[in-house]
Amino acid sequence: MSDQPTEDRHTRSHGRKTIMATLKPRELITATPDLARAWKAQVITLFPEAFPGVLDLSLTGRALQEGLWQMDTIDLRPFGEGRHRNVDDTPAGGGAGMVLRADIMGRAIEQARARMPPDAPLIYLSPRGRPFTQGMAQDLATRPGVTLICGRFEGMDQRVIDHYGITEVSMGDFVLTGGEIPAMALLDATLRLIPGILGNAASTQEESFSDGTLEHPQYTKPASWQGHDIPPVLLSGNHGEIARWRQAQSEALTRERRPDLWARRKLPGTT
Ligand SMILES: C[S@@+](CC[C@H](N)C(=O)[O-])C[C@H]1O[C@@H](n2cnc3c(N)ncnc32)[C@H](O)[C@@H]1O
């Protein structure tokens, strides 16, 4: 299996706020100007046109336009070889499918690294990776940005992962066609934790996983729907009672649905 090159595979740039002054020679200036103070998402992919995709909508989309973060893609195809700019080849040792070549990935990664600060992690989306968590999103949100590598076919030559010490991150125990959807999910989870992107910071502190438990159920108007009423305590106006009810619901849900999370939760006063 191999994807053929298509036209119009350009790097996109988004966000319009303050553009940083640079002393780099003209030819080293990338298509996307660096935005001062913007959190930087950089994605190596065979499908740059997939980005920013849904991240261009709603709050993350507005933040992109406001320059709170920026989205750069590195199209893998031009690094390929031959008339069709091939980026993959058959697996050493035989077997089905194709593998992304080490030399081609290496050249794309070198370009990506030159464009990012050294403390921005390099992550390969992979079903063999560490499962992605809210904790990882919180960590990434404190960095200057991230470079993500989207695999295709049977994945990427192992030597690239070893050579660059790349972190492999999985979105779950299932196999997708490519790393673009996992990359989008990782970025969305991280972006909403960056100050200024969500209007109400409290909402990220109280939601599922923020304290190692699942969130309590939510209700809104109408007070009665199809014979189902909102739990009366939520309409009581008693904030202490409401908080205790929500806490109890959150604990019961976590115990029932996610005994793994319940066993790992941090108890107050413990480190
Ligand atoms: C068809 S998959 C390759 C699967 C690989 N042969 C395996 O069995 O582990 C192609 C690409 O999709 C991405 N991908 C698929 N499932 C994923 C998941 N659960 N989490 C993160 N990335 C995934 C990876 O970038 C991967 O290189």
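In this predicted model, the face of helix H7 turned away from its buried side carries two exposed residues, Arg244 and Glu256. The opposite category is represented in H7 by Ile242, Trp245, Ser250, Leu253 and Thr254, which are buried. Viewed down the helix axis, the buried residues of H7 fall within an arc of 160°, so they line one face of the helix. Here buried means under 20% relative accessible area, and exposed means over 50%. Cover for the buried residues of H7 includes helix H8, which spans residues 259–264.

The length of H7 was also examined. The helix comprises 19 residues, from 239 to 257. At 1.5 Å a residue, H7 should span 27 Å. Its end C-alpha atoms are 27 Å apart, so the model agrees with the expected value. That expected span is 1.5 Å times one less than the number of residues. At the start of H7, Asn238 contributes a side-chain oxygen. This oxygen lies within 3.2 Å of the backbone nitrogen of Gly240.

H7 belongs to a chain with 8 helices and 9 strands. The chain has 271 residues, and 43% of them count as buried. Its accessible surface comes to about 15700 Å². Carbon and sulfur atoms account for 53% of that surface. Contacts were also sorted by separation in sequence. Among those between residues at least 6 apart, 73% join residues at least 24 apart.

Terms used
Residues are numbered from 1 along each chain as its sequence is written. This is a predicted model: local features need pLDDT of at least 70, side-chain atom pairs count only at pLDDT 80 or more; totals for chains, interfaces and linings use all residues. Side-chain values use heavy atoms; hydrogens and water are left out. Helices (H or I, at least four residues) and strands (E, at least two) are DSSP runs, numbered from the N terminus. Buried means under 20% relative accessible area, exposed over 50%, partly exposed in between (1.4 Å probe, protein chains only). The arc is that of the directions from the helix axis to the C-beta atoms. Contact means heavy atoms within 4.5 Å. A polar contact is a pair of N or O atoms within 3.5 Å; within protein, one must be able to donate a hydrogen and the other to accept it, and residues adjacent in sequence count only if both atoms are side-chain atoms. Accessible areas come from the Shrake-Rupley method with a 1.4 Å probe; for residues, only the protein chains shown count as cover.
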